[in-house]
Amino acid sequence: MDKRLLLLSLPATPLLAQAATATGQATSTPAATARPNIVYIMTDDHTAQMMSCYDRRFIETPNLDRIAADGVRFTRSYVANSLSGPSRACMLTGKHSHKNGFTNNEHGIFDGSQQTMPKLLQRAGYETALIGKWHLVSTPTGFDHWEILPAQGDYYNPVFIHMDGTRAADSGYVTRLITDKALTWLEHRPAKPFALFIHHKACHRAWLPALEDLELYEDRTFPLPPEFNDDYAGREAAGKTEMEIGKDMDIVYDTKMFVSPEETPRTRLSSSYQNMIGRLNKEERQRYDDFYVPMSRKFYEEWGTDYNFLPRQSESAVGGSTDARLLEWKYQRYMRDYAKVVHELDVQVGRVLDYLEAHGLLDNTLVVYTSDQGFYMGEHGWFDKRFMYEESLSTPLVMHLPKGLERRGLIDEMVQNIDYAPTFLDLAGAPVPSDIQGISLLPLLKGKAATKADKQKMKHWRDAIYYHYYEYPAEHDVRRHYGIRTDRYKLIHFYGHDVNTWELYDLKSDPHEMRNLYGQPGMEGLQRQLHQRLEELQIQYDDPQR
Ligand code: SGN
Ligand code: CA
């Protein structure tokens, strides 16, 4: 039997036992070199609705679908805190936000001295590298090589920070540049098992496409999601946000309708957007303007320059009114630009897959594709994320599996981004420290090679996931909340100085989460059970906020 297969088919192999020291840490051994590599590709704000293997309504993502087609696709994949920095911290540590300390983007600095999965992989003999968006403020630790974008980074001609602290702008489009750097690293990597983390900026706001992709999707009219015209009845926190396409999406900044300060006096280009497109050189800017300026002129001719924000959706007379027409126009622009950005992402992920295939690496590499969280594509009338509602609680998760992990197709167990760290450690044959809160997904991936113990783990898989979002007060005004999601139900508590509400959803009868059942007659028993499970999880995860 191939050593690699042997390694994967046993929960604690003799090889792995040899590799573990008395302190429970793995050491590099000759056998370690046969261990599978890990290529972890994480995008920013890429939601499952915009990935064709999850949802066929909107766009095609053939390369991302390729990963799922020859591997596995998780149908219930969730984050622990739907925001960039916190989500990344959960992934790196395998712990919920209150344990890794990075609860929100606004005030957080990731404590890089703490135990992280990349550090544990290094100790287990892996070479580790990180390219792209980091967003955790402190300098990356646990990576033998890194090149990161400062903060959110830019789409066009972006600056990268290097390990020696220098910063320099590269020429080109961010998704391609990150991929180029990742492939260069792969080309020159040492002869060791490796874990490469490719963290894309795409497809974060304000969805600036590669200039080559500007024309894509322009002839497509996207269907409106069913709950586009939500009035937020019975959901106080949902009605208080600043993330409505109508009310909060900026015509100039988000939908890019700008001619010049002279021609469009009421729509001065905000400095941040100016910085973004100001990064284009003269020819590039011309190409950009050739696309957006005629469209902007047309827009202002039709709507006048007074139009920017629409009234709060719940207050506007939607359905055939001028507002509804403009609202739908904004939605189409949003969808088209986002789709273009995803297209390039798909192409660049394809390049990585091709490289791995061409270099004979695919057979011995776990390739993971995921995002830092999901996103609203008009559901509830929104863009952005943060809420524990399905679209932003979920995150795409597909994997190409190395030989020895023979599971294929759909995996329906509930998984969370705190599970990635223990999964990678488990795959590497490194011990999983007991303070890691996620669980290894390896038992779900083995297929025929699953042992009795694996089958037991699958049988007793978690019946609920825990979620906690903290960033308020902040941009988009989403109130703090925590909650649990079980197979069928969701219980959420919004809390803070101006809100203290509970929400309960039956996802089977109300998949779009429009009917808050909390406090309704007949719900008493279910409510009691869910409260109890929530409390149990808060105790299990040791969350002091309860
Ligand atoms: C920026 C965006 C927000 C977004 C946050 C967090 N505004 O502030 O819309 O919610 O990032 O996103 S922008 O005008 O600056 O683009 S996260 O993915 O990094 O958490
Ligand atoms: Ca994000």
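Why is strand β8 (residues 194-199) largely enclosed by the rest of the structure? Six of the six residues of β8 are buried, so the strand is largely enclosed by what surrounds it. Buried means under 20% relative accessible area, exposed means over 50%, and partly exposed lies in between, with a 1.4 Å probe and protein chains only.

The model is predicted: local features need pLDDT of at least 70, side-chain atom pairs count only at pLDDT 80 or more, and totals for chains, interfaces and linings use all residues. Residues are numbered from 1 along each chain as its sequence is written, chains are lettered from A and ligands numbered from 1 in the order in which they are written, and side-chain values use heavy atoms, with hydrogens and water left out.

The chain has 17 helices and 16 strands. Helices (H or I, at least four residues) and strands (E, at least two) are DSSP runs, numbered from the N terminus. Of the 546 residues in the chain, 62% are buried. Among contacts with a separation of 6 or more, 69% are between residues 24 or more positions apart; contact means heavy atoms within 4.5 Å.

In a regular strand the side chains alternate between the two faces of the sheet. In β8, Phe194, Leu196 and Ile198 point one way, Ala195, Phe197 and His199 point the other way, and all are buried. Strand β1 (residues 37-43) runs parallel to β8 and is joined to it by five bridges; two strands pair if DSSP finds at least two bridges between them. Within this pairing, Ile41 has Ile198 as its bridge partner. Strand β4 (residues 127-133) is also parallel to β8, with six bridges, and there Leu130 stands opposite Phe197.

The loop between β8 and α8 (236-239) holds Ala206, which is joined to Arg205 by a cis peptide bond with omega about 10°. Trp207 lies in the loop between β8 and α8 and has a positive phi of about 50° although it is not a glycine. Trp207 is buried, with a relative accessible area of 0%. Most residues other than glycine have a negative phi, and most peptide bonds are trans. Asn157, in the loop between β5 (145-149) and β6 (159-162), has a positive phi near 40°. Its relative accessible area is 12%, so Asn157 counts as buried.

The calcium ion (ligand 2) has protein donors at 2.1 to 2.7 Å: Asp44 (OD), Asp45 (OD), Asp372 (OD), Asp372 (OD) and Gln373 (OE1). Donors are N, O and S atoms within 2.8 Å of the metal (3.2 Å for Na, K and Ca); water is not among the atoms, so sites may look incomplete. Along the chain, the donors follow the spacing D-D-x326-D-Q. Both Asp372 and Gln373 are buried. The six donor atoms around the ion subtend angles of 53 to 171°, which makes the arrangement irregular. Six donors count as octahedral if opposite donors are over 155 degrees apart and all others between 65 and 115; four count as tetrahedral if all angles lie between 85 and 135 degrees, and as square planar under the rule given for six; anything else is irregular.

Asp55 sits in the loop between β1 and α3 (62-69). With a relative accessible area of 13%, Asp55 is buried. Its side chain makes a polar contact of 2.7 Å with that of Arg57. A polar contact is a pair of N or O atoms within 3.5 Å; within protein, one must be able to donate a hydrogen and the other to accept it, and residues adjacent in sequence count only if both atoms are side-chain atoms. Leaving aside neighbours within four places in sequence, Asp55 is in contact with Ala48 and Gln49.

Further along the chain, four strands form an open antiparallel sheet in the order β13-β14-β15-β16. Its edge strands, β13 (464-469) and β16 (499-506), each pair on one side only. The twist averages 10° from one strand to the next. Eight bridges join β15 (residues 489-496) to β16, with Ile492 opposite Glu503. Helix α17 (residues 524-540) lies across β13, β14 (480-486), β15 and β16, at about 110° to β14. Axes are lines fitted to C-alpha atoms, for helices over the stretch in contact, and angles run from 0 to 180 degrees between N-to-C directions.
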